[in-house]
Amino acid sequence: MTRDTTFLERFDTVSRGSQPSRVGVKDLFDVAGTITTAGSLAIESIATAALHDAPCLLGLRAAEQESRAVLVGKLNLHELAYGGDGMNPHFGTPPNPLDPLRVPGGSSSASASAVGRDLLDIAFGSDTGGSIRIPAACCGVVGLKTTWGRIALDGVWALAPSLDTAGPLGATVTRTIEGMDLFEPGFRLDVNNTQPAMTVGRLRNTGVDTHPACDDAVDSALKAGGFTIVDLDAPWWQAAIDHGLTALVGEAHNQLGWLLDDTCGLAQLLEPRIANRIASGAKYSQAAIVESIAYRSVIAKQIHEACRQTQLIVTPTLAMLAPVLGESAVFAPYTAYTRPANLAGTPAVSIPVPLDPSLVSSKERHLVGALQLMGPAGSDALLMSTALVIESAVV
């Protein structure tokens, strides 16, 4: 059977408004009357139709009733939301709108792809280690990872509950704010009433090996936006990455290890690298997992202290340009800049910014860089008001 690599399920939509916003949801969110596959043949084979929508879709449903939005369909993803490249051999890999020879990023691959190709105005994704921001960066769109716990995740497939978040993606910052307003009605007013952060901390010396063009794109965008830039060191960054990995892989094994049980007969339906990734979590003791999750308070404090000096923290979203499709893309350092925000539980947004053509090859000049804004818990509106400034400066 040939599958649509973007929409795992499309809905019959009747537009009662002039131009309602087209919305898609990653196939981790329960939608009444449909199965939730999590992008996995194993889960698809045992899934039954959801009786109710995930509660976080309530705002979207209200917008549908008011003809402001329409739910178009459920979106493909990296299997079990467990990967950064977005390649799915079972359901297909959604195309990167900037370059079909490159990965779309994961795990919210089709969410970013569909928005970038103007098939949707807004997409709902999830982010456990960077799964909204990574595909947003690869596909040249905007993606917001929200403060942990801000959006209820009942009825949303879990990967690592201590890290899982939901959030919107859009082609522009304004569309992404609109998407957040569907999750949390009134968010748009919060953004409108929030002054942007014009003094930002640019993290340096994180230990992440970064493509010069990615660093330059961030610095150029901040300069164009008229920001006061304070250079910050982050000696805690590697610890955040390490503890974040332990928390994610260990919790993912706790959540998904049952799929490897021979008695359920599902392991053979998993992509081998996903099965291996799940199995790798067994090496972490429960004590180590608990210790790493508890390290959240340390990293959250570091971010809070940095933002007392400035207002927000800035890094590239990715250390590299979107990798070319293939085996080598599996091993790219997708989460080197994204994972700390997940461990800390703090919000972060990825915004596309132009690359200096002199710093990339002729085969890369159609790509874009990506800037990540991070803030303390609850600063989601501040991030988005500041993102508007950056976007207007680089358009």
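Select F29 and F124 to begin: both residues are buried in this predicted model. Display their rings, whose centres lie 6.3 Å apart with the planes at 50°, so this pair is classed as tilted. Colouring by position along the chain shows that the pair links distant parts: F29 belongs to the loop between β2 and α1, whereas F124 belongs to strand β4 (residues 122–127), 95 residues apart.

Keep F124 on display and add F183. The centres of these two rings are 3.9 Å apart and the planes meet at 25°, so the pair counts as stacked. Here too distant parts of the chain are linked, since F183 sits in helix α5 (residues 173–183), 59 residues apart from F124 in strand β4. The relative accessibility of F124 is 0%, so F124 counts as buried; F183, at 10%, counts as buried because the cut-off is under 20%. Shown together, F29, F124 and F183 make up one aromatic cluster. Across the whole structure, a search finds five aromatic pairs.

**The loop after β2**

Next, select D27, which is placed in the loop between β2 (21–26) and α1 (41–44). Is D27 buried or exposed? Its relative accessibility is 2%, so D27 counts as buried. Show the side chain of T37 as well: a polar contact of 2.6 Å joins it to the side chain of D27. To view the surroundings, display the residues that D27 touches beyond four places away in sequence: L8, I35, T36, T37, A38, G39, K74, L75 and L77.

**Helix α3**

Now move to helix α3 (residues 109–116). Seven of its eight residues are buried, so the helix is largely enclosed by the rest of the structure. Which residues of α3 are the buried ones? They are S109, A110, S111, A112, S113, A114 and V115. To see what covers them, switch on the neighbouring elements, which include β2, β3 (69–75), β4, α4 (133–139) and β6 (165–170). Strand β4 on this list is the strand that holds F124. Following α3, select D118, whose phi is positive, near 60°.

**Helices α8 and α9**

Turn next to helix α8 (residues 237–256) and helix α9 (residues 272–280). Two packed helices are described by the angle between their axes and the distance between the axes. For α8 and α9, the angle is about 105° and the axes are 7 Å apart. The two helices are therefore roughly perpendicular to each other. Which residues make the contact? Select V249, H253 and L256 on α8, together with R277, I278, A279 and S280 on α9. By type, the residues of this contact divide into four nonpolar, two polar and one charged.

**I278 in helix α9**

Finish by centring the view on I278, a residue of helix α9. I278 has a relative accessible area of 0% and is therefore buried. Beyond four places away in sequence, I278 touches L80, Y82, H253, L256, G257, L259, L260 and L270. Among these, H253 and L256 also belong to the α8 side of the helix contact. As a last step, select F91 and draw a distance line to I278 between the C-alpha atoms: the separation is 19 Å, with the two residues 187 residues apart along the chain.

Notes
Residues are numbered from 1 along each chain as its sequence is written. This is a predicted model: local features need pLDDT of at least 70, side-chain atom pairs count only at pLDDT 80 or more; totals for chains, interfaces and linings use all residues. Side-chain values use heavy atoms; hydrogens and water are left out. Axes are lines fitted to C-alpha atoms, for helices over the stretch in contact, and angles run from 0 to 180 degrees between N-to-C directions. Helices (H or I, at least four residues) and strands (E, at least two) are DSSP runs, numbered from the N terminus. Angles under 35 degrees count as roughly parallel, over 145 as roughly antiparallel, 65 to 115 as roughly perpendicular and the rest as oblique. Contact means heavy atoms within 4.5 Å. Ala, Val, Leu, Ile, Met, Phe, Trp, Tyr, Cys and Pro count as nonpolar, Asp, Glu, Lys and Arg as charged, and the others, Gly among them, as polar. Buried means under 20% relative accessible area, exposed over 50%, partly exposed in between (1.4 Å probe, protein chains only). A polar contact is a pair of N or O atoms within 3.5 Å; within protein, one must be able to donate a hydrogen and the other to accept it, and residues adjacent in sequence count only if both atoms are side-chain atoms. Rings of Phe, Tyr and Trp (its six-membered ring) pair if their centres lie within 6.5 Å; planes under 30 degrees apart count as stacked, over 60 as edge-to-face and the rest as tilted.
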